[in-house]
Amino acid sequence: MADLNELIENGGQVLTFTAGDEHFGFYILDVSDIIEMPAITAIPTAPKYVRGLMNHRGKAVPVMDLRLRLDMEEAPYDERSCVIVVEINTMQCGIAVDRVSDVETILPASIARSPVETGLVRGFVIREGKPRISILDPDVLART
Amino acid sequence: MPKFDESMEGMLDTFLFETGELLENLDEILMRAEQAEDISLIEESDIAEIFRTMHTIKGSAAMMGLQNMSTLAHAMEDMFYIIREKTYVQTDKSALFDLLYKSSDALKGELEDLTDEDKPLTDFSGLINDIHALAAYFKGEAEKSGQEDNALPADIFDENEPPDMFTYKLTYSDSCEMPSARAIVLFRKLGAVAEVCRTIPPDMDDDGADGKIKAAGLFIKLVTDDRAAVERVLAAGMNVENFELFTPEMLKAQTSAAPAKQELVIPDGVFLPDDPDSLLTYRVMYSESCAMPSARAMVLLRKLGAFAEVCRTVPADLDADSADDEIAKNGLYIKLITDDTNAVERLLDSGINVESALPVKKPAAPPKTAAPAPKQEEKQEQKTETKTEEKPAVQKKPAAKAPKKEQSLLTVKLEKLDRLLDLVSEIVITESAVTSSPDLRGLETRLDRFNKSSRELKKLTDELQDVVMSLRMVPVSTAFQKMNRVVRDMNNTLKKNATLVFRGEDTEVDKSIVDMLGDPLMHIVRNAVDHGIESPEERLAAGKTHPPTVTLSAGYESNEVVISCKDNGAGMDAAKILAKAKKNGLLTKPESEYTEKEIFNFVVAAGFSTNEQVTQYSGRGVGMDVVKQNIEKVGGKLIVNSKLGKGSTFTIRIPLSLSILDVLSVEVGASSISIPASSIREAFSCNTDSLITDPEGNEFVYLRDRCYPLIRLGDKLQLDTDITDPTEGICMYCREGQYEAVLLADRIVCDQQVVVKPFSPLLDGLHLKEAGLAGCSILGDGSMTIILDMLSLLGGELGEEAQNG
């Protein structure tokens, strides 16, 4: 797993995506794949934000819904919804998002570290004239 | 303190693995060798194998810097050198094998402790001394003292020592048990008249000190003003047989005595049967300080050309790297024809660095030369072998055999193999996803060629899967062989003379099963010998004429590996077991309802031992419970059967592949749920009559005179389903362990075999196992099914506790 601190200190490439009206980002080194919405097998008794399991290259990878994970309003998936597969210590997890926007190179000057060290959001990208991007920590996001 | 050099850390895994294998192998050979009536009858190939094994262990331990293991292996190697060369005069087979087993155990123990940094390296000197003592006994005492006298410590005289330092050599009488203790007393007394600087051996507390003193004597280095007083003290010392002032000249005299003895050794090839009588043989010895005698020899030979015709030399090739060593050891033999022997001798004597040059006579009986020659060579081999550890054994035959054996086996990391297995199962699944893709169904065109190719592909992928699966398969004999040792040790202590027989030991099972089997098998075999087999007297009284036998057999039955351990001993008394079970409060139903099979299964319950006495091997009632748990962990079963007076059989049944599970897949709403087939007893449609709801709302199903709780999978697993009326769905009476219930699902889909994949560790926080979910599986069409964990599903919280406890 890539070290998020590195990104926040030195800047780097960020995969940006949206859920609801908000913009989020993963450090590009955390991302192993982006796929369109797969068939998902529900896991009985699991909380709602855990959508279930998908067959990702022969592996049963859990999928979480970013909206529900962040306590946002649920929305049906459309053709632009997709799953970002992130890698956490060699384990994989799919994160369902509304749409993937871009890969942007972020300069260290425009990143502000979040004071909450172990929170979901590790830092913010704040640039003039552009929407704010919250950099997510996949480890905290994927662990139930 | 780390036990190894950092650079060696990487080798540790390989070292542990290889040495472990070698030791296992060694045990096997030892068992076989022990069958021989006498040491002289042991198969030569076995001795060679043991010898080679010890040599390899010695070498690799030395490479890892594990001096203790290396020395112990070296001692064992020495022992087998005596046996191989048959240089012993007397033998003691049982002592030998006891010692060998002890050493092999010690090495195994050390291997296990190696990775534990807290444990220091074990000191094997006691064991090593035992081996040396036995080796000496084998060779006969005389040779022992003769040989060890030569082992004079070389460091008696230090170049830097002051000239007024005296060295005394003390010899203690043979009857003195602990010369080292006497020596300590002596040093204290000497302290009054002199200053003792150093002793050889240096450490009197060392275990080996006594041996060294007895063999080479005790050397005391001291500085004194009053030699007379010192000598008085020494003379008065207890058990001191003799003392003398030891000087460097004496040391030289003693060490040079050894090469002097070697003069008789004539290397092979010096005298050939067809040498003409006129051929003279000279041996030229070079002084030790001569660095390259081969170069000197070449100059000498050139000069000799003036007076004589040099026919050949031994060593023949003076350019060879080994020539220097050979000349230094044996001298240079020159065969020449000359008319002027005086001139030749003069020339030889005047050669640079030449210490002596003597004519050598052909041995009196020429035909004999060929015969003793190899023997002499072997003697030299022994020298090189014992002196230089780095040189591989000069044993030609096995050395040539060894690489052949290694090439047919390849050691692969298990992780790599598992990765390969994963990939292959992915390919198999993808293959079926491609060939049965729903897109193909809508196609108008004929797919003949596609179908033909996809059949071909399927055949290949199936074969690939078989091959990869077989990679992990090993014969159960590896687990069986270890039992030989168990039975042998027990025979020694319990005197039951049980024989162990193998059947179907070449049955191949998954490596993980073989690894798992080790412990349970050991417990079962121990039990069979300790409890099952009667003492010889009891057998005689019972009129049993067959030798006491424990039979281990292995084989396949449907999709299971069946391993059983059968003894022809006393068997178990069902009534006695039932009584004991009653006493222990293990009965859950009336006594009369228990079948024989159920009764025998009490034997494997925790804390259950019918044996009144706790012996060294069994009787505490813990073992069999552990056995059962271990086997159940891998999805296996343990079945006990017995006939009083005839013997007992313990049967282990394990599914062939650990990860493949037979399931019954059902649907609940839109979800596919799979129930392990092993826990489903019966599937049926229930009618309204058999449904009972109690006032608290609990639902039961009445089935054949009994009531079982009804678990609606939809409710239990929080799945939406339209089928709420149990009569519309399908009921399954399930049983796992002590828990029973009827599960309700919408409909049965199929029964199939699935590969269980545990849930991602990321989901650990959801406590899915506790909720009754074991994992998931990807089916041939790429879809997934959830597999239930029956124990926690049926037992609820109770199930959890039972599992943790």
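**Exercise 1. Find Asn497(B) and say what its backbone and its surroundings look like.**

Let's start with the place: Asn497(B) sits in the loop between α19 (477-494) and β10 (499-503) of chain B. Keep in mind as you go that this is a predicted model.

Step 1: check the backbone. Phi of Asn497(B) is near 50 degrees, which is a positive value in a residue other than glycine.

Step 2: count the neighbours. Asn497(B) has 13 other C-beta atoms within 10 Å, so Asn497(B) is partly exposed. The cut-offs you need here are 20 or more for buried and 12 or fewer for exposed, with partly exposed in between.

**Exercise 2. Do the same for Asp705(B): where is it, and is it buried or exposed?**

Step 1: look at the loop between β20 and β21 (706-712) of chain B, and you'll find Asp705(B) there.

Step 2: read off phi. Asp705(B) is not a glycine, yet its phi is positive, about 70 degrees.

Step 3: count again. Asp705(B) has 5 C-beta neighbours inside 10 Å, so it counts as exposed.

**Exercise 3. Work out which residues Leu788(B) touches.**

Step 1: place the residue. Leu788(B) belongs to strand β26 (residues 784-788) of chain B.

Step 2: judge its surroundings. Leu788(B) is buried because 27 other C-beta atoms lie within 10 Å.

Step 3: list its contacts, skipping neighbours within four places in sequence. You get Ile673(B), Ser674(B), Ile675(B), Gly772(B), Leu773(B), Ala774(B) and Leu793(B).

Step 4: pick one and compare sequence with space. Leu788(B) and Ile675(B) are 113 residues apart in sequence, but 5.5 Å apart in space, C-alpha to C-alpha. For the chain as a whole, residues 24 or more positions apart account for 71% of the contacts in chain B with a separation of 6 or more.

**Exercise 4. Describe how helices α3 and α5 of chain B pack.**

Step 1: know what to look for. Two packed helices are described by the angle between their axes and by the distance between those axes.

Step 2: get both values. The axes of α3 (residues 67-85) and α5 (residues 125-139) of chain B come within 9 Å and cross at roughly 10 degrees. Angles under 35 degrees count as roughly parallel, so α3(B) is roughly parallel to α5(B).

Step 3: see who meets whom. On the α3(B) side the residues include Leu72(B), Met76(B) and Met79(B), and on the α5(B) side they include Leu127(B), Ile131(B) and Phe138(B).

Step 4: sort the residues of this contact by class. There are 11 nonpolar, two polar and two charged.

**Exercise 5. Which residues of helix α22(B) are buried, and why can you say they line one face?**

Step 1: name them. In α22 (residues 574-583) of chain B, the buried residues are Ile577(B), Leu578(B) and Ala581(B).

Step 2: look down the axis. The buried residues of α22(B) fall within an arc of 100 degrees, so they line one face of the helix.

Step 3: turn to the other side. The face of α22(B) pointing away from its buried side carries the exposed residues Ala575(B), Lys576(B), Lys582(B) and Lys583(B).

Step 4: find a cover. What lies over the buried residues of α22(B) includes α23 (596-601) of chain B.

Step 5: see what comes next. Gly585(B) follows α22(B) and has a positive phi, near 70 degrees.

**Exercise 6. Put the strands of a sheet in chain B in order and find its edges.**

Step 1: write the order. Six strands form an open sheet, β18-β22-β23-β21-β20-β19 (chain B), with mixed pairing.

Step 2: find the edges. β18 (680-684) and β19 (691-693) of chain B each have a single partner strand, so one side of each has no neighbour in the sheet.

Step 3: zoom in on one edge. β19(B) pairs with β20 (residues 699-703) of chain B in the antiparallel sense, over three bridges. In that pair, Ile692(B) stands opposite Phe700(B) in β20(B).

**Exercise 7. How many residues does each chain give to the contact between chains A and B?**

Step 1: count each side. Chain A gives 21 residues and chain B gives 23 residues.

Step 2: look at the chain A side. The elements giving two or more residues to it are β5 (50-56), β6 (59-65) and β8 (91-97) of chain A.

Step 3: sort that side by class. It has 14 nonpolar, five polar and two charged residues.

Technical notes: Residues numbered from 1 in each chain as written. Chains lettered and ligands numbered in written order. Predicted model: local features only at pLDDT ≥ 70, side-chain atom pairs only at ≥ 80, totals over all residues. Helix = DSSP H or I, 4+ residues; strand = E, 2+ residues; numbered from the N terminus. Contact = placed C-beta atoms within 7 Å. Nonpolar A, V, L, I, M, F, W, Y, C, P; charged D, E, K, R; others polar. Axes fitted to C-alpha atoms, helices over the stretch in contact; angles between N-to-C directions. Parallel < 35°, antiparallel > 145°, perpendicular 65-115°, else oblique. Arc of directions from axis to C-beta. Pairing = 2+ DSSP bridges.
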